[in-house]
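Me: I'd like to learn how to read pockets, cavities and helices in a model like this one. Could you walk me through it?

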Amino acid sequence: MQLGKIWMNGIMMDQEDARVSVITHGLHYGSAVFEGIRFYETPDGSAIFRAVEHMERLFYSAKAIEMEMKINLEKWMEGCKKVVSENNLKSGYIRPIAFYADGKMGLNPRGAGENYVIAAWPWGSYLGEEAIKVKISEYIRLHPKSTIADAKISGHYVNSILASQEIHKLGYNEALFLDYEGNVAEGPGENIFITKDKKIYTPPKGNILAGITRDSVIKIAKDSGYEVIEKKISVQELFDADEAFFTGTAAEITQIASIDENIYKSHDITLKLKEKFKEIVGGQNKNYLTWLTYI
């Protein structure tokens, strides 16, 4: 994957020069934290969507695994802008990642050192523009007592990889996790919403990643006059819903055509929210301009 310029430890460099050791701690143990951030072309130039919130979550995740983060949040923000501008990108995806380095091996990373990287690339729709087929995975979402569930830690994503590999072999577009209690949790890289009788429901924080797109959609929906309820959702409630959709930085808002054998015939609310979301990220809605950081 050719990326052009990379920001590494505060310095812009060619991709070929952004190298790490084969005994990097984060490579062996998943001791890394990261973000996925979208930037969009607007009439006033390219803008990063909710950059501050993403960076704050990166630092929260780093604290969860006791990283010192020797480069401050403002420098990370500057780095995100630089990788976009120096690669002449108009819209796409930014990947900041912080990982324990190669100073030592063993499970305790203290003394390993830290590396910080930001890359950016063009990226269209992650799950496509059409409604997708979803299957409930045989794997469950990580138990909240086994990790810090709302931190975006690289090692967590083996759980997502397993579920994705499982369902893609069966011809589905994406997986859905249940939690340890058998309730609906989230997708491998997305939060889930359902609608019933024009009300919108989504699983509560605690067993899921508190998605920034999830938070955005809740605010947009409430501003649009919908009641949004955060509650535990059973599989039966999922199947009885009028609509279902995923949200996420990569997925944005993606309507769900079916889950297992259950078909959703309506996407009315989903498509209204999706249209408003596109207005906002494209800089076309003055009420949400504070969500955009112009480059």
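Me: Which residues line the largest cavity?

Reply: Happy to help, and a word on the source comes before the list. This is a predicted model, in which local features need pLDDT of at least 70 and side-chain atom pairs count only at pLDDT 80 or more, while totals for chains, interfaces and linings use all residues. Residues are numbered from 1 along each chain as its sequence is written, and side-chain values use heavy atoms, with hydrogens and water left out.

Now the general idea: on a 1 Å grid over the protein atoms alone, a cavity is a set of points where a 1.4 Å probe fits but cannot get out, and a pocket is an open set with protein on both sides within 12 Å along at least five of seven lines; lining residues have an atom within 4 Å of a point. Here the largest cavity is lined by R38, Y40, F49, H54, T213, G248, T249, E252 and F277.

Me: How many cavities of 30 Å³ or more does the structure hold, and how much space lies in the largest cavity?

Reply: A volume is the space filled by probe spheres set on the grid points, which are joined across faces, edges and corners. The structure holds one cavity of 30 Å³ or more, and the largest cavity has about 50 Å³ of space.

Me: What classes of residue make up its lining, and where does the largest cavity lie?

Reply: For the classes, Ala, Val, Leu, Ile, Met, Phe, Trp, Tyr, Cys and Pro count as nonpolar, Asp, Glu, Lys and Arg as charged, and the others, Gly among them, as polar. On that basis the lining of the largest cavity has three nonpolar, four polar and two charged residues. As for place, the domain bounds come from an automatic or database domain assignment. Residues from both domain 1 (5-122) and domain 2 (132-282) contribute to the lining of the largest cavity, so it lies between them.

Me: How much space lies in the largest pocket, and which of its lining residues are closest to its centre?

Reply: The largest pocket has about 720 Å³ of space. It is lined by 39 residues, and those closest to its centre are K152, Y157, P188, G189 and E190. By class, this lining has 16 nonpolar, 16 polar and seven charged residues. Domain 1 (5-122) and domain 2 (132-282) both contribute to the lining of the largest pocket, so it lies between them.

Me: Which elements give two or more residues to the lining of the largest pocket?

Reply: Elements are read from DSSP runs numbered from the N terminus: helices are H or I with at least four residues, and strands are E with at least two. For the largest pocket, the elements giving two or more lining residues are β6 (92-100), α4 (157-168), α5 (212-223) and β13 (243-248). Of these, α4 gives the most, with five residues.

Me: What span should α4 have, and which of its residues are buried?

Reply: The expected span of a helix is 1.5 Å times one less than its number of residues. The twelve residues of α4 should span 16 Å, and its end C-alpha atoms are 16 Å apart, which agrees. Buried means under 20% relative accessible area, exposed over 50%, and partly exposed in between (1.4 Å probe, protein chains only). In α4 the buried residues are N159, S160, A163, S164, E166 and I167. Seen down the axis of α4, they fall within an arc of 160°, so they line one face of the helix. That arc is taken from the directions from the helix axis to the C-beta atoms.

Me: How does α5 read by the same steps?

Reply: For the twelve residues of α5 the expected span is 16 Å, and the end C-alpha atoms are 17 Å apart, which agrees. Its buried residues are I212, T213, R214, S216, V217, I218, I220 and A221. Just after α5, G225 has a positive phi of about 95°.

Me: Where is F246 found, and is F246 buried or exposed?

Reply: F246 is found in strand β13, and it counts as buried at 0% relative accessibility. F246 and T213 are 33 residues apart in sequence, with their C-alpha atoms 9.8 Å apart in space.

Me: Which residue in the loop between α2 (51-64) and α3 (73-86) should I look at?

Reply: Try M69, which is found in that loop. Its phi is near 50°, a positive value in a residue other than glycine. M69 is buried, with a relative accessible area of 9%. N9, in the loop between β1 (5-8) and β2 (11-14), also has a positive phi, near 50°. N9 counts as partly exposed at 32% relative accessibility.
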